[in-house]
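Thank you all for coming. I would like to take a few minutes to walk through one structure, beginning with a helix and ending with the chain as a whole.

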Amino acid sequence: MNDGFDWDAVRESLPLLLEGFKVTLLATVLGTLVAAVLGLAVAVAGRAPSRFVTVPVRVVTEFVRSTPLLVQLVGAAALFNTVEPLYIGITVLGIHYAAYTSEVYRAGIDGVPKGQWEACRALSLPPRRTWQAVILPQAVRNVLPALGNYAISMFKETPFLAVITVQEMVFEARKYGAENFAYTEVFTLAGLIFLVASYPTSLLMRKLEKRLGH
C-alpha cells in the first residue's frame, strides 16, 4: 500500500460504488414518489371537517417528525424482519419525508387565493372537482421547488439505509474500505459522487423556483 492517496483503490472501488449508487438512486426516486403522494393525502386529510380524521393525522405526523430517521429505520426493520430491507428503507424514507412534504402542500393550498374557493362555491362545483381542477393544480405548481429540495435531502440521507443492510453506495464504500483498508479513498470517492449527482439538481431547483416566482 502507498503511504499517500491510493489511486488504485479508487479505480478498483468505482464500479462497486456505481452499483451501490443505482440502489441509492432507486431508493431516492421511489421514496420521493411515496413522500409526494402520501404528503398530499395527509395535507388534504388535515383539512377534513371531522376531528376523527384530523387529530389522528396530526398525531402520527408529529410523531414521525419528532423521531430520528435512523430510529424509524431500525424499528421498522426489527418489526418487519421478513421484508426485503430495500422495501423497508423506501417505505420509511417516504413516510418520513411525507410528514414534511405535507406541510409544504398545506402552505401551497393555503396560498391559493380565497377568490378561487369562492368561485368554486358560486359555480356549485362538487368538492372533488374543486380540488382536482382548481385547487391542487395551483398549489402543486407553487410548491414544486420545495418538493425538489426535499428529494435532494432524501438523496443525501440514503446512507442511513446501510444500517438495515441495504447495499447502497455508502454500504459498498464501507465494505470495500474494511476489506482493503482504504477508507479515505473510497469515502472521498463516494462523497464526490454524491456531489456530482446533487449539486446540478440543486441548481435546477433554484432556477425553477425563480421561474415560478415571476
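Leu 30 sits in helix α1, which covers residues 7-45; helices here are DSSP runs of H or I with at least four residues, and strands are runs of E with at least two, numbered from the N terminus. With a relative accessibility of 34%, Leu 30 is classed as partly exposed, because buried means under 20% relative accessible area, exposed means over 50%, and partly exposed lies in between, using a 1.4 Å probe and protein chains only.

I should say early that this is a predicted model, in which local features need pLDDT of at least 70 and side-chain atom pairs count only at pLDDT 80 or more, while totals for chains, interfaces and linings use all residues. Residues are numbered from 1 along each chain as its sequence is written, and side-chain values use heavy atoms, with hydrogens and water left out.

Turning to helix α7, residues 169-180, its 12 residues at 1.5 Å a residue should span 16 Å, and the end C-alpha atoms are indeed 16 Å apart; the expected span is 1.5 Å times one less than the number of residues. Among the buried residues of α7 are Met 169, Phe 171 and Tyr 176, and just after this helix Phe 181 adopts a positive phi of about 50°.

Finally, what does the whole chain look like in secondary structure? The protein chain has eight helices and zero strands, its C-alpha trace spans about 75 × 45 × 25 Å along the principal axes, and 37% of its 214 residues are buried.
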